[in-house]
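Colleague: Please put the model up, and then I will ask about its cores and charged pairs.

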Amino acid sequence: MENKWLNFNTAVEQQVPEPLPAEDIKRRIQERLVDYLMALFPNGKRRGSKFVMGNVQGDKGKSLEVVLDGKEPGLWHDFENGAGGDIVTLTAADQGLDAQRDFPEVVRFMADWLGMPVVSPPAVTSYQDDYEDLGPHTGKWDYHDGEGNLIACVYRYDSPDGKEFRPWDVKARKTRAPNPRPLYNQPAVKTAREVWLVEGEKAAEALISQGFCATTAMNGAKAPVEKTDWSPLKDKRVLIWPDHDETGLAYAHHAAKAVDEAGALSVVILKPPSVKPEKWDAADAVEEDFNIKEWQATTDRKTIKKAGLQLSDWNALRYQGKAPEQHFLAEGSFPMGVVSILAAMGDTGKGMLTLKLALEVACGHELLIEVLGGRIQQHGTVVVFTAEDDQAEVHRRLEKLSPARMSGWIIRRERRHLPDRWSG
């Protein structure tokens, strides 16, 4: 056998690939997105332009969707819990990392899958560096735009002085709230018809866990209404659930005005049950297994803007409990608050009868006069629109009905400065 020796001095120099910056790594992952997703989540499946699976752990299912094409391949949204983001945040979730705090490690994992070296990205200043004295955060909520891109985070700290919330602007990488401040859970809001506006991420997540689409402004009732971007609620039916206190109710009215101006289809403020303790909110309701749908259908509400007739509002729950008492203008006839029609053949006295009714409602508050077989129950201002009779004819008819009252009532009104309750 002929011996062959390897001469390392003449060996072809190995080409070591150039290190890649993080953006190039992300772009290359996007170009091989289906292969990358199948490697990370073998239980997932491709469905047209989407990759679907059960959750960020890669379980079987279809509640989590990843976009495979478009301007930003890799955007994902979990319809079960409202979470979402880009391919970097999805990788971080799969690896049990924090996309912001552990960004260098996440990028390194993606580069390893590509078989490429990576230029270590500059260290991201941790949000917690500014609050080391508060200890580790006890809660964290991510704010995404409608496409699922992470734009802000809110951290909660439980300090000896009480709970504190601090925002983090992802784009600016600074401890501050973005300007304008975003709404929570925007990917789900984007596709929903009805949205609940509550105070705080905890309350929003409680409703989301029960199958409702919920959002909140950053900082809840302390959120500056004028600095919040309410535009995601355009063309939505918005139900506002205030905390059970004066601060919550005041904020609800300010927010309702802003939501209305943003173009919401309808805006309603729901009244918390009076028997509930102060500061009671959606999170408390879910914890105590409160019947939210029944309360939504039956509770008192302040309608800021109506959306017109909505058949879904008229369900059987509206007819629970004791029926409201009916009130009449004239005892036994002409129910208050509804339109009534007096119908009869011509020349039967309909005009005189209705004029008599108007006269007694406007002027008969000192006497118990019967009209249409019953006594007048309510008195107040009357407006009469006549389609056939002019002023002179109405005047003559009034004089025939009660000549003494017409002259005497006017004199008394002038002497006693009574309000004019008659418009003809």
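What follows is a short exchange on cores, salt bridges and one threonine.

Modeller: This is a predicted model, where local features need pLDDT of at least 70, side-chain atom pairs count only at pLDDT 80 or more, and totals for chains, interfaces and linings use all residues. Residues are numbered from 1 along each chain as its sequence is written, and side-chain values use heavy atoms, with hydrogens and water left out.

Colleague: Which helix gives the largest share of the largest nonpolar core?

Modeller: A nonpolar core is a set of buried Ala, Val, Leu, Ile, Met, Phe, Trp, Tyr and Cys residues joined through side-chain atoms within 4.5 Å, and buried means under 20% relative accessible area, with exposed over 50% and partly exposed in between (1.4 Å probe, protein chains only). The largest such core has 27 residues, and Leu-37, Val-66, Ile-87, Leu-90 and Met-110 have the most contacts inside it. At least two residues of this core come from each of helix 1 (22-31), helix 2 (33-40), strand 2 (50-53), strand 3 (64-67), helix 3 (87-95) and helix 4 (103-114); helices (H or I, at least four residues) and strands (E, at least two) are DSSP runs, numbered from the N terminus. The largest share, six residues, is from helix 4.

Colleague: Which parts of the chain does the salt bridge between Glu-65 and Lys-50 tie together?

Modeller: A salt bridge is a side-chain nitrogen of Lys or Arg within 4 Å of a carboxyl oxygen of Asp or Glu. In the pair of Glu-65 and Lys-50, the closest N and O atoms are 3.2 Å apart. The two residues are 15 apart in sequence, so their pairing ties together strand 3, which holds Glu-65, and strand 2, which holds Lys-50.

Colleague: How many residues apart are Glu-147 and Lys-190?

Modeller: Their side chains form a salt bridge (2.5 Å, N to O). Glu-147 is in the loop between strand 6 (139-144) and strand 7 (150-159), while Lys-190 is in helix 5 (residues 186-191), and the separation is 43 residues.

Colleague: Is Thr-228 buried or exposed?

Modeller: Thr-228 sits in the loop between strand 10 (214-216) and strand 11 (237-240). A polar atom of the Thr-228 side chain lies 3.1 Å from the backbone oxygen of Pro-224. Not counting residues up to four places away in sequence, Thr-228 touches (heavy atoms within 4.5 Å) Arg-181, Leu-183, Ala-217 and Ala-223. With a relative accessible area of 7%, Thr-228 is buried.

How values were computed:
Polar contact = N/O pair within 3.5 Å; in protein donor to acceptor, adjacent residues only side chain to side chain.
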